[in-house]
Structures are given as structure tokens and as C-alpha cells.
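Here is a short report on one protein chain. Look at the sequence and the 3D view, then read on.

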Amino acid sequence: MPTTNTKKKKQGRDTAVQGTNDSSVVSKVSAAAQGYFHDVFLQHFVCKVSRRAPLINRGYYVRWRAVDHCVTRFLQITENCPRRQILSLGAGFDSLYFRLHADEELHRAVVFEVDFPDVARRKTALITSNITLRGMLDPHLPSPTGL
């Protein structure tokens, strides 16, 4: 049975990992604002905008481009499949679902995002309080507020 000290250490590590979400989304917004990629949905997930160094912007551009390429390619390859799923582990405040939805790329596809419960709750709160994001959710799916 784990000791109280072991549980506190794990909680501390989990909190540190969850904190990377906040830094990451600010960095993504910085890269998008500098024109490295186009993502109009990221702005809804940050309170403050902070300009990052060009090296950080380039790194986030490479990551964004790689994920975008892989997901787009997957959707192209599986275009004739009756049902498709995208699973995003450690999704954080990623805007992938909203970008794909806006580009009408989610025909017969569903996106599942998995993250720490606290991160998922925060993202849910942001989405449900934002008319733009909330309006893009599939009305036929269960409400995300049950996270």
C-alpha cells in the first residue's frame, strides 16, 4: 500500500506535468501569432498572450505541423471507412477537434481527448463558457460537463 509520502510525490509529479499544458498553449498561441501556422481557436484557451523566442516558436511549429500532417493523412487514408476515431492522449488545451470541425474534416470521425481529470475539467469549463467553441460541439453526443 502506498504511503502518504509516496502519494504526495506522485501528486507533485502529476501537478508538474499538468502545468506543462498552460505553458504549451501559451507557446502555441505565440507561434500562431507570429505566423508560423494558422489556428484561430487557440486564442480561446489562454488568458494572457506572451511572445516566445523564435526557437520556441519554431519548435511548436514543427510539432503542430507534424501532428496536423499525420491526422490529415490518417483522415485521407480512411476516407471510405464507415467509422474513424482519433485518440489524443495528454490532449491538454489542444484545438485539434475545433480545427478539424471547422475544416469539415470529421465526416464519420470522432475525436477522443484524454488527460488528467483536472485538465479535462478546466478545458470543459473553457469550452462550455465560450459560445464559439460550445457551438461547434456535436449536439448528438453526451455533454462534456460530465468529466
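A disulfide is a pair of cysteine sulfur atoms within 2.5 Å. By this rule the count comes to zero. Cys70 is in no disulfide, and the nearest cysteine sulfur, that of Cys81, is 17 Å away.

This is a predicted model, where local features need pLDDT of at least 70 and side-chain atom pairs count only at pLDDT 80 or more, while totals for chains, interfaces and linings use all residues. Residues are numbered from 1 along each chain as its sequence is written, and side-chain values use heavy atoms, leaving out hydrogens and water.

**Salt bridges**

Side chains of opposite charge can pair when their charged atoms come close. A salt bridge is a side-chain nitrogen of Lys or Arg within 4 Å of a carboxyl oxygen of Asp or Glu. The structure holds seven salt bridges. The table includes three of them.

| Pair | N to O distance |
|---|---|
| Arg122 and Asp22 | 2.7 Å |
| Arg65 and Asp68 | 3.6 Å |
| Asp118 and Arg121 | 2.8 Å |

Helices (H or I, at least four residues) and strands (E, at least two) are DSSP runs, numbered from the N terminus. Arg122 in helix α4 (residues 117-128) and Asp22 in helix α1 meet in a salt bridge. These partners are 100 residues apart and link distant parts of the chain. Asp118 and Arg121 are three residues apart in helix α4, so about one helical turn separates them. Salt bridges that share partners join Asp39, Arg65, Asp68 and Arg99 into one network.

**Helix α2**

Helix α2 (residues 54-77) has 24 residues. From first C-alpha to last, α2 reaches 34 Å, close to the 34 Å expected at 1.5 Å a residue (1.5 Å times one less than the number of residues). Buried means under 20% relative accessible area, exposed over 50%, and partly exposed in between (1.4 Å probe, protein chains only). The buried residues of α2 are Asn57, Trp64, Asp68, Val71 and Leu75. They pack against α1 (4-33), β1, α3 (96-102) and β2. Asp68 counts as buried because its relative accessibility is 15%. Its partner Arg65 is partly exposed, at 41%.

**Strand β1**

Which strand holds both Leu89 and Ser88? Leu89 lies in strand β1, and Ser88 lies in strand β1 too. Leu89 counts as exposed, at 65% relative accessibility. Ser88 counts as buried, at 16%. Leaving aside neighbours within four places in sequence, Ser88 is in contact (heavy atoms within 4.5 Å) with Phe112, Glu113 and Val114.
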